[in-house]
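Please walk me through this structure, taking its helix packing, one of its pockets and its less common backbone features in turn.

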Amino acid sequence: MLIKKSKLSTQIIFVILGVLGLVFPSQAQVDYVDPFIGTSNFGATHPGAMAPRGLVSVSPFNVAGPQNAPMEKDSRWLSNPYVHENSFLTGFSHVNLSGVGCPDLGVILTMPTTGELETDHLKYGSEYSFEIAKPGYYSTTLNKYKLKVETTASTRVGVSNYYFPEGQANILINLGLGLTNEEGGMLKIVSPTEIEGIRNVGSFCYYKPDESYPVYFVAKFSEPADKFGIWKKPKPYDGLEGQWMGYNGKTRYYKQYRKEVIGDSIGSYFTYNFNKPTQVEVKIGVSYVSIKNARENLEKETDGMTLIDVYKKTSAQWNDALSKIEVEGGTNDDKTIFYTALYHTLIHPNTLNDVNGEYPTMAERKTAKTNGTRFTVFSFWDTYRNLHALMSLVYPKQQSDMVKSILNIYDESGWLPKWELNATETTTMVGDPAGIVLADTYLRGIKDFDIEKAYRAMRKSAMQLENNPLRPGIKDYIQKGYLTTRTTQSGSVSTTQEYNISDFAIAQLAKTLGKTSDYKLFSKRAVSYRNLFDKEFNLLRPKNHDGSWYAPFNPNKGANFEKNLGFIEGNSWQYTFMVTHDILWLMKSMGGQHQFVNKLDEVFEKNQFDMANEPDIAYPYLYNFTSGYEWKTQDRVSELIKTYFTNKPAGLPGNDDTGTMSAWLIYSMMGLYPVLPAKPLYTITTPVFDKITIHLDENYYKNKSLIIEKKGSGHIGSITIGNSTQKTWFVSHDELVNSGKLQINLK
């Protein structure tokens with residue numbers, strides 16, 4: 001049980017233990033998850049209640065108001081609805097993102113209050129204490145009102161219990177507040193126990209405001225309100241007529257009103273007068289298709305169920321998902337950071353479709369229907385590096401549905417997604433990463449999707465010269481082999497590298513599919529970054545359009561998100577080794593193995609390694625490509641785990657990036673890593689645990705389990721796959737899962 005802020009009375013502890021004990025009477029994987037990990041140090045996670053891959057999450061919202069400065073949503077770039085250090089809570093949001101770097105969603109905020117009605121969140125907000133968070137459950141006490149709140153969620157419905165004292169009580173739904181930069185909404189009170197509405201969201205990373213979109217909801221209350229209404233605070237009118245408007249800029253109250261109210265700063269209130277302490281249950285169903293579907297989601301997922309009923313079901317789903325990997329040995333902290341990381345990888349990509357299968361399509365947002373799960377939130381620039389390989393290994397059915405969702409997006413929009421969010425293409429970050437995931441999934445043996453369509457989609461983004469949204473600058477890339485300082489004003493080198501990796505993925509898939517000429521074409525294109533290797537620095541360097549080196553060149557420039565011509569969110573140190581598909585050429589070009597190792601050491605020893613950013617996260621594993629320096633991988637990985645991943649709110653190195661950092665940790669603690677995207681290969685390091693059992697999906701793999709076992713202490717002395725001694729530090733995906741056992745012997 002994870003409890004933060006203030007001590008709980010013995011009586012409350014027994015009540016909570018009794019509730020949570022209904023789910024699992026003995027310790028289970030869910031008991032090791034601490035949802036507060038990542039809620040500090042810009043991890044951008046939140047401790048709210050959600051189901052695995054849920055469309056809905058009920059998160060405490062504590063990033064509004066000057067009381068929360070400097071981590072306040074309107075005073076800085078802030079992408080999370082909750083920050084561990086903040087103390088002023090203004091509600092509970094029902095659609096949220098986890099571990100992302102840009103603000104969006106964080107809307108449909110509910111807030112219980114007592115006393116006279118107040119609709120200004122800066123006045124009705126409250127400090128809070130007695131927080132408890134577990135997978136599928138969150139609770140806290142609002143100090144100002146001496147009021148306990150507990151929440152849970154099914155896939156598409158948030159459920160909250162508010163424990164009101166005797167006297168006047170209010171339940172507010174504030175549509176004017178949220179993380180998104182978009183405005184606009186609608187509210188309609190259906191009855192004294194039901195509200196329906198719409199909130200506009202979008203403009204992720206401040207892009208594409210013309211593609212904002214609605215989220216629909218229906219809220220049902222277990223107790224009928226004595227009074228109800230809607231408030232609306234219009235913006236002040238500055239014209240001459242404003243002198244005659246006594247209501248200019250003032251909050252309006254639509255009391256006992258039953259029609260739609262539309263506006264920016266709007267909200268609804270349900271007011272009660274209780275003659276004894278009373279619990280009110282609020283259920284909110286959400287849909288990206290319609291109010292009708294939101295109501296159907298609410299009814300089909302939670303009708304007749306109490307909060308405890310919903311929580312028991314959701315918690316069981318979490319435990320089933322987390323139990324796909326069982327670990328033995330290690331400390332309790334080790335298990336907590338491991339299972340919390342696994343928990344974070346099971347949030348995004350998340351469900352987009354409603355219970356009836358309907359979802360909005362890309363581009364036109366028409367209503368379509370799926371027989372499986374339509375997934376959303378594809379942060380591919382991050383996740384192609386490790387998260388989807390992990391899903392292929394542990395949750396192959398989910399990964400298969402994710403691939404089918406990617407191909408549906410291609411059918412609907414004509415292009416593979418780059419960074420898709422709720423059926424919008426945000427075009428955030430660079431490269432053409434979706435094809436890497438498609439190829440990698442197929443090459444790992446998950447083949448229950450249309451691979452020829454996938455190949456056509458990948459090839460289109462690699463070959464279309466005009467109006468190509470996935471590969472800006474593709475003409476220069478093909479003609480010169482690289483993007484120049486004129487092609488793009490930021491990231492010419494790193495974008496070239498991303499295109500190279502995508503072309504490598506196409507080449508590997510082409511080879512498997514027997515497309516020999518394409519294999520040769522894309523294999524050649526995959527190494528064009530070589531044109532940007534400068535022996536003067538033994539690093540990659542931008543080139544001008546005439547082929548000359550960009551000067552003056554500072555390889556350190558670009559760290560800590562400093563903008564520069566050559567690299568996106570990084571510098572030359574953090575990108576030069578991001579060529580694992582061609583690492584032997586890089587090693588030779590640097591002067592051989594010894595010089596390669598020295599240069600790689602410099603990245604770490606000169607503080608150029610950035611654990612919080614994706615381009616260099618495979619670096620500690622690159623020593624395994626050498627002979628005699630493999631122990632450095634073991635030491636580096638062990639030290640990075642110890643330094644950056646802890647059982648604390650600041651226990652992530654930065655944004656979790658929709659589970660990418662967590663996936664790095666999971667692999668690293670298990671002792672292997674998928675170091676080559678689109679090449680189904682793992683490299684090996686020392687596991688944290690003595691024994692790891694991965695329960696394999698028999699619909700995709702012939703064995704029921706894969707066991708990874710560690711024997712002895714010290715550095716790795718030998719590696720056994722099945723009954724055979726391994727001669728290299730690499731093992732193919734097929735060999736690993738078919739062997740059933742990986743034994744790592746230390747000495």
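Two residues are in contact here when they have heavy atoms within 4.5 Å. The model is a predicted one, and by this criterion Asn500, Asp503, Phe504, Ile506, Ala507, Gln508, Ala510 and Lys511 in helix 12 meet Asp518, Tyr519, Phe522, Ser523 and Arg525 in helix 13. Sorted by class, the contact between helix 12 and helix 13 comprises 6 nonpolar, 3 polar and 4 charged residues.

Two packed helices are described by the angle between their axes and the distance between the axes. For helix 12, which covers residues 492-512, and helix 13, which covers residues 516-525, the axes come within 8 Å and cross at roughly 160°. Because angles over 145 degrees count as roughly antiparallel, helix 12 is roughly antiparallel to helix 13. The crossing in which helix 12 passes helix 13 is left-handed.

Further along the chain, helix 17 takes part in two contacts that can be followed one after the other. The axes of helix 16 (residues 593-605) and helix 17 come within 13 Å and cross at roughly 10°, so helix 16 is roughly parallel to helix 17. On the side of helix 16 the contact is made by Val597, Asp601, Phe604 and Glu605, and on the side of helix 17 by Lys632, Arg636 and Leu640. This contact of helix 16 with helix 17 has 3 nonpolar and 4 charged residues, with no polar ones.

The other partner of helix 17 (residues 630-644) is helix 18 (residues 660-670), and here the axes come within 11 Å and cross at roughly 130°. Helix 17 and helix 18 are therefore oblique to each other, and helix 17 passes helix 18 in a left-handed crossing. Val637, Leu640 and Ile641 of helix 17 make this contact with Trp664, Leu665, Ser668 and Met669 of helix 18. By class, the contact of helix 17 with helix 18 has 6 nonpolar residues and 1 polar residue, and no charged residues. Leu640 thus appears in the contact with helix 16 and also in the contact with helix 18.

From the helices we can turn to empty space. Rolling a probe the size of a water molecule over the atoms shows where such space is left. The second largest pocket of this model has a volume of about 760 Å³. Its lining consists of 36 residues, and those nearest the centre of the pocket are His121, Asn174, Gly176, Lys233 and Ser265. The elements that give two or more residues to this lining are helix 2 (121-124) and strand 15 (227-232), and helix 2 gives the most, with 3 residues. By class, the lining of the second largest pocket has 10 nonpolar, 13 polar and 13 charged residues.

Lastly, a few features of the backbone deserve a look. Most residues other than glycine have a negative phi, and most peptide bonds are trans. In this model, however, a cis peptide bond joins histidine 348 and proline 349, with omega about -10°, and proline 349 lies in the loop between helix 5 (332-345) and strand 21 (350-351). Another cis peptide bond joins alanine 551 to proline 552, with omega about -5°, and proline 552 lies in the loop between strand 29 (539-540) and helix 14 (572-576). Alanine 423, although not a glycine, has a positive phi of about 70°, and alanine 423 is found in the loop between strand 26 (419-421) and strand 27 (424-425).

Key: Residues are numbered from 1 along each chain as its sequence is written. This is a predicted model: local features need pLDDT of at least 70, side-chain atom pairs count only at pLDDT 80 or more; totals for chains, interfaces and linings use all residues. Side-chain values use heavy atoms; hydrogens and water are left out. On a 1 Å grid over the protein atoms alone, a cavity is a set of points where a 1.4 Å probe fits but cannot get out, and a pocket is an open set with protein on both sides within 12 Å along at least five of seven lines; lining residues have an atom within 4 Å of a point. Grid points are joined across faces, edges and corners, and a volume is the space filled by probe spheres set on the points. Helices (H or I, at least four residues) and strands (E, at least two) are DSSP runs, numbered from the N terminus. Ala, Val, Leu, Ile, Met, Phe, Trp, Tyr, Cys and Pro count as nonpolar, Asp, Glu, Lys and Arg as charged, and the others, Gly among them, as polar. Axes are lines fitted to C-alpha atoms, for helices over the stretch in contact, and angles run from 0 to 180 degrees between N-to-C directions. Angles under 35 degrees count as roughly parallel, over 145 as roughly antiparallel, 65 to 115 as roughly perpendicular and the rest as oblique. A crossing is left-handed if the near helix is turned anticlockwise from the far one by less than a right angle, and right-handed if clockwise.
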